[in-house]
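This note sets out points for a colleague who is meeting the structure for the first time. Please read them alongside the sequence and the model.

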Amino acid sequence: MTAVLDRPQAPPRLHRVRSRWAWGLGALAVLGWSLAGAGAFAGDVVNPAGAGQFGRFASAALSPALDGEFLRVLADSVLVTVAYAALGAALAVLLGAVGAVAVARTSWGRRRLGWTLSRGALAVPRGLHEAVWGLLLVNLLGLDPWVGVLAIGVPYGAVTAKVFADLLDEVPRGGYEALLAGGVGRVPAALYGLLPPASGGLLSYSFYRLECAVRSAVVLGLIGAGGLGYQLLLSFSSLRWEQVWSCVYALALLCLLADVGGRAVRRRVAAPRSSGDRLRRDPALTTAVLGTLAAVVWSWWYLAISPATLVADRTGEQLRYVLAAAWPPDVDAPLLSAVAVAAVDTVQMSVIAIAVATAGAVLLAGVAARPARASAGRRLAGSVARLALLLLRAVPPPVWALVLLFVLLPGILPGALALGVYTLGVLGRLAAEATEELDPRPRAALTALGAGPVGGWLYGVVPAAIGPVLAFALYRWEVAIRDTVLVGLLGAGGLGALLASRVAAFDWGAVTTVLVALVLLTAAVDLVSARARAALR
């Protein structure tokens with residue numbers, strides 16, 4: 001009798017370690033390839049002649065423009081930005097609520113093909129940056145307020161529909177199944193059996209979308225939609241650095257108010273409540289919802305939104321012309337070659353940006369985190385770090401790119417670093433919050449054994465924080481691949497620059513080709529990011 005022995009298998013933990021090493025070495029190789037492609041090792045990347053202009057820009061931070069006339073212009077710009085953000089977020093939530101029922105797994109039951117196709121339909125609006133939507137809608141609607149509202153509402157609506165659907169799929173199904181048993185259809189059953197128990201999570205995410213809409217409204221201003229972004233670009237183009245810094249501080253204050261307000265609502269929603277309290281309305285949440293609805297009504301009036309614009313004859317004619325000209329896509333060899341080169345530039349920009357943001361977030365997370373007990377000096381340092389991160393994410397990436405062009409030669413490197421600086425502001429905040437939630441006992445034990453602050457941080461905090469920070473970085477890489485289009489639209493290279501040139505030439509067949517490439521590239525990066533996050537678990 002022959003005995004068959006199984007080949008010994010490596011333990012699961014060893015498999016995970018090998019997988020993580022493979023992903024880590026692969027990431028370093030891709031980073032080196034990206035830096036080489038951006039010309040970082042070529043030596044000719046610095047522009048010494050721009051140092052003086054950069055110094056004047058930096059020194060103006062201490063003397064922003066505060067004259068009455070400019071402050072009135074700035075106040076009007078702030079109101080326009082808030083109006084776009086409120087209406088865009090409201091449209092996104094409305095589209096998300098309707099779309100969530102249509103794409104939730106619960107609504108489709110066992111019909112997996114329909115569910116897969118409905119989810120896939122969201123990939124196109126989600127894969128295009130709101131600035132791209134704005135660029136396309138300007139050619140359909142002209143300089144109409146609907147451009148800003150739709151450019152925020154459509155892509156955010158697709159994202160919101162996916163998140164809302166996931167929330168609906170996770171709530172208890174008792175009420176939903178009871179309605180189905182009573183003969184109610186799947187869609188009405190989802191509306192009345194799933195939406196009420198999921199309302200807390202839906203409300204929390206809706207206010208988060210409002211925060212994001214404020215930043216998107218600023219970005220759209222850079223391509224002509226008005227508001228703070230447009231005023232910032234005008235001041236920058238005329239080299240009026242004092243006005244630029246006034247706009248930056250106004251942006252930071254607006255983003256701070258949005259962040260604080262949204263975070264307060266989310267904490268209120270997440271706070272545990274007794275069974276008796278659940279039956280009563282929360283006055284703070286009711287006030288926040290009613291105030292937001294009032295802001296939406298005011299925004300509609302302030303921007304003079306007219307639904308007739310969407311159904312006007314001119315809009316229909318222009319839409320039919322663009323659709324006819326955009327199909328079939330242009331597949332000429334020179335264009336496909338240019339798309340391939342631009343796609344490589346886009347990937348390299350996103351990789352460099354995430355590497356810069358991750359390194360900065362690791363360095364600043366400990367300082368920006370709010371410890372339970374800290375000295376006055378430590379609290380002051382934390383406040384300064386959090387304020388710096390707020391300024392970094394308040395200023396749109398194209399503005400950082402223009403600043404970096406003072407000291408760097410044109411190319412994809414300034415765009416990549418600008419995107420990295422902006423992403424650092426977002427990722428640094430996420431990393432600080434992740435650090436605050438870690439178990440403090442390992443660091444306290446090291447401190448009790450005589451370890452200094454640096455040693456306690458390196459050995460008691462960093463090992464536990466590196467996993468969540470890398471996971472956040474991979475999530476932000478998915479966002480960064482879309483944001484590269486934004487800096488590209490203003491000439492930093494990549495698919496964004498190619499898209500802007502084709503739109504300016506009204507070459508709609510080529511525009512379709514670039515958009516398809518952008519959606520496919522975004523989907524590929526999402527897939528790689530998801531696999532890398534799975535390896536980190």
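1. Ile223 is partly exposed, because its relative accessible area is 26%, a value that falls between the limits of 20% for buried and 50% for exposed. The residue belongs to helix α11, which covers residues 199-225. Apart from its neighbours within four places in sequence, Ile223 is in contact with Ala131, Gly134 and Leu135. Gly148 is separated from Ile223 by 75 residues in sequence, and the C-alpha atoms of these two residues are 10.0 Å apart in space.

2. The model under review is predicted. The protein contains 25 helices and 0 strands. Of its 537 residues, 45% are buried. The exposed surface of the protein is about 26,900 Å², and carbon and sulfur atoms supply 68% of that area. Among contacts with a separation of 6 or more, 79% involve residues 24 or more positions apart.

3. Helix α17 deserves separate mention. Does its length agree with what its residue count implies, or what span should be expected? The helix has 36 residues (residues 333-368) and should span 52 Å at 1.5 Å a residue; the C-alpha atoms at its ends are 50 Å apart, which agrees. A kink of about 35 degrees is present in α17, and its centre is at Val362.

4. The loop that precedes this helix also merits attention. Pro328 is located in the loop between α16 (313-326) and α17. The peptide bond leading from Trp327 to Pro328 is cis, and its omega is near 5 degrees. Most residues other than glycine have a negative phi, and most peptide bonds are trans.

5. Two loop residues are notable for their phi angles. Leu239 is not a glycine, yet its phi is positive, at about 60 degrees. This residue sits in the loop between α12 (228-237) and α13 (241-270), and it counts as partly exposed because its relative accessibility is 44%. Ala304, also a residue other than glycine, has a positive phi near 55 degrees. The loop between α15 (283-302) and α16 holds Ala304, which is exposed, with a relative accessible area of 59%.

6. The largest nonpolar core has 115 residues, and those touching the most other members are Phe57, Phe236, Leu495 and Leu499. Helix α17 contributes the largest share of this core, namely 12 residues. A second core, separate from it, consists of 10 residues, including Ala100, Leu122, Ala158 and Tyr205.

7. Which residues are in contact with Phe236, leaving aside its neighbours within four places in sequence? They are Phe57, Trp241, Val244, Val399, Leu402, Val403 and Phe406. Phe236 also belongs to an aromatic cluster, whose members are Phe54, Phe57, Phe236, Trp241, Trp245 and Tyr249.

8. The structure has 10 aromatic pairs. One of them joins Phe236 and Trp241 in an edge-to-face arrangement, with 5.1 Å from centre to centre and 80 degrees between the planes. Phe236 and Trp241 are both buried. In the pair of Phe506 and Trp508, the ring centres are 6.4 Å apart and the planes are at 55 degrees, so this pair is tilted. Trp508 counts as buried because its relative accessibility is 4%, whereas Phe506 counts as exposed at 53%.

9. Phe506 comes just after helix α24 and takes a positive phi of about 55 degrees. Within α24 (residues 494-504), the buried residues include Gly494, Leu495, Gly496, Leu498, Leu499 and Val503. Leu495 and Leu499 have already appeared among the residues that touch the most other members of the largest nonpolar core.

10. Is Ser77 buried or exposed? Ser77 is buried, since its relative accessible area is 9%, and the limit for buried residues is 20%. It lies in helix α3, which covers residues 68-103. Setting aside its neighbours within four places in sequence, Ser77 is in contact with Gly227, Leu228 and Gln231.

Note on methods:
Residues are numbered from 1 along each chain as its sequence is written. This is a predicted model: local features need pLDDT of at least 70, side-chain atom pairs count only at pLDDT 80 or more; totals for chains, interfaces and linings use all residues. Side-chain values use heavy atoms; hydrogens and water are left out. Helices (H or I, at least four residues) and strands (E, at least two) are DSSP runs, numbered from the N terminus. Buried means under 20% relative accessible area, exposed over 50%, partly exposed in between (1.4 Å probe, protein chains only). Contact means heavy atoms within 4.5 Å. Accessible areas come from the Shrake-Rupley method with a 1.4 Å probe; for residues, only the protein chains shown count as cover. The expected span of a helix is 1.5 Å times one less than its number of residues. The bend at a residue is the angle between axes fitted to the seven residues ending there and the seven starting there. Rings of Phe, Tyr and Trp (its six-membered ring) pair if their centres lie within 6.5 Å; planes under 30 degrees apart count as stacked, over 60 as edge-to-face and the rest as tilted. A nonpolar core is a set of buried Ala, Val, Leu, Ile, Met, Phe, Trp, Tyr and Cys residues joined through side-chain atoms within 4.5 Å.
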